[in-house]
Amino acid sequence: KSKSNRMERASSTTSTRATSSSGVVQWIASLVAVLSLFGKANGQEGLALFLAPSQYTFTFDFSLSCPPVDVTRNEGVAATFCQISPFGDPQQNITNLVPVEVGYVDVLELGQDFDVLSQENITGTFSDGDTFTYTSIISTNEDLEELPKVIQLNIFAFNGDGQPIVNFFAIAFTNVCDAYPVLIEGDSAGWVRFTELDPPPADSCPAAGGPTDPPVPTIAPTIASTTAAPVTPAPVTAAPVTPAPTTAAPVTPAPTTAAPVTPAPTTAAPVTP
């Protein structure tokens, strides 16, 4: 039965891939419209710096959902988008959007005008807790004329009923190098966590060569705690104690009274005539 289910899923994967192009294209078109408006509003087009990771290691966590995208918002993130939905035949009534198995992942990088610079299809059967790695075009193409602005993942999966579902998410960067690092390990988007992020090439973002302090969120700033320097008390020296002079109290001799002397009685001797 398990083998039969896998064959059915493989067949379903082939059919969903055949019908995925139109869905992905429509989704990218809507995403481009949103991101282009955001980029123009913030004047971030055409910047010549790259601050996104040069390589990503993603770990599947099927307990996650979206929206929102759970990344630390800072000056390096221009916009995020994420959705989970049924995929394939629109006539299917799919309500279970929790995956149990991923069939394949499309990773795309879009340029400053949101055209596709790179696209990689990562195939295989992935379960909860499995990992996969993507290396940015910034590291693989030395003659790159345009820097990436957006990373986008299309994750095609099956729920517990064997029905196809999909998770799209995208993160647009401002390419403001001072905001590095723009993403931090432990952040998540859709069904994956960012478990390892390699820094961008030093020549594309000079700040990447310095200390990698975590970014400060723009929504809820973190105030650094201040610790007072320890105070060492000055040694206390006891003042010398001078004993008060002791004066002997004058001694008054007790008066001496002579004991009264009582004369012995005298008896006349008898006279004999």
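**Figure 1. The whole chain comes with an accessible surface of about 16400 Å².** Carbon and sulfur atoms own 57% of that surface. Please keep in mind, as you look around, that this is a predicted model. The chain has 273 residues, and 39% of them count as buried. Its secondary structure consists of 2 helices and 9 strands. If you follow the chain along its sequence, you meet these elements in the order α-β-β-β-β-β-α-β-β-β-β. Now think about contacts between residues with a separation of 6 or more: 75% of these are made by residues 24 or more positions apart.

**Figure 2. Tyr56 and Phe132 sit in the largest nonpolar core.** In soluble globular proteins, nonpolar side chains tend to be buried together. Here the largest core has 42 residues, and Tyr56 and Phe132 are the ones that touch the most other members. Which strands supply at least two residues each to this core? They are S1, S2, S3 (99-110), S4 (116-126), S5 (131-135), S6 (150-159), S7 and S9. Zoom in on Tyr56 and look past the residues up to four places away in sequence: Tyr56 then touches Phe132, Thr133, Tyr134, Ile151, Phe173, Leu183, Phe194, Glu196 and Leu197. Apart from this core lies another one, made of 8 residues, including Ala79, Leu110, Phe114 and Ala170.

**Figure 3. Phe114 has an unusual entry in its backbone angles: a positive phi.** The angle is about 70 degrees, although Phe114 is not a glycine. You can find Phe114 in the loop between S3 and S4. Is this residue buried or exposed? With a relative accessibility of 7%, Phe114 counts as buried.

**Figure 4. One disulfide joins Cys66 to Cys82.** A disulfide is a covalent bond between the sulfur atoms of two cysteines. A search of the whole structure turns up 1 disulfide, and its two sulfur atoms are 1.9 Å apart. Cys66 belongs to the loop between S1 and S2 while Cys82 belongs to strand S2, so the bond ties together parts that are 16 residues apart in sequence. The torsion about the S-S bond is about -75 degrees, so this disulfide is left-handed. Both ends are tucked away from the surface: Cys66 is buried at 8% relative accessibility, and Cys82 is buried with a relative accessible area of 7%.

**Figure 5. Two cis peptide bonds follow one another at Cys66, Pro67 and Pro68.** One cis bond links Cys66 and Pro67, with an omega of about 0 degrees. The other links Pro67 and Pro68, and its omega is about 5 degrees. Pro67 lies in the loop between S1 and S2, and Pro68 lies in the loop between S1 and S2 too.

**Figure 6. Leu64 meets a part of the chain that is 126 residues away in sequence.** Leu64 is found in the loop between S1 and S2. How many ångströms separate the C-alpha atoms of Leu64 and Gly190? The separation is 6.3 Å. Setting aside residues up to four places away in sequence, Leu64 touches Ser188, Gly190, Trp191, Val192 and Arg193. At 16% relative accessibility, Leu64 counts as buried.

**Figure 7. Asp61 and Arg193 form a salt bridge between their side chains.** The structure holds 1 salt bridge, with 3.1 Å from N to O. Why does the pair tie together parts that are 132 residues apart in sequence? Asp61 lies in the loop between strand S1 (55-60) and strand S2 (77-86), whereas Arg193 lies in strand S9 (residues 192-198), so the bridge connects these two parts. The partners have their own surroundings: Asp61 is buried, with a relative accessible area of 16%, while Arg193 is partly exposed at 29%.

**Figure 8. Asp187 is a buried charged residue without a salt bridge.** Look for Asp187 in the loop between strand S7 (164-173) and strand S8 (188-189). Which side chain of opposite charge is nearest to Asp187? That is Arg193, at 7.6 Å. Leaving out neighbours within four places in sequence, Asp187 is in contact with Asp70, Val71, Thr72, Arg193 and Phe194. You have already met Arg193 in the previous view, as the partner of Asp61 in the salt bridge.

Definitions and conventions
Residues numbered from 1 in each chain as written. Predicted model: local features only at pLDDT ≥ 70, side-chain atom pairs only at ≥ 80, totals over all residues. Heavy atoms only, no water. Salt bridge = Lys/Arg side-chain N within 4 Å of Asp/Glu carboxyl O. Helix = DSSP H or I, 4+ residues; strand = E, 2+ residues; numbered from the N terminus. Buried < 20%, exposed > 50% of the residue type's maximum accessible area, 1.4 Å probe, protein only. Disulfide = S-S within 2.5 Å. Contact = heavy atoms within 4.5 Å. Areas by Shrake-Rupley, 256 points an atom, 1.4 Å probe, with all protein chains shown as cover. Lys, Arg positive; Asp, Glu negative; His and termini not counted. Core = buried A, V, L, I, M, F, W, Y, C linked by side-chain atoms within 4.5 Å.
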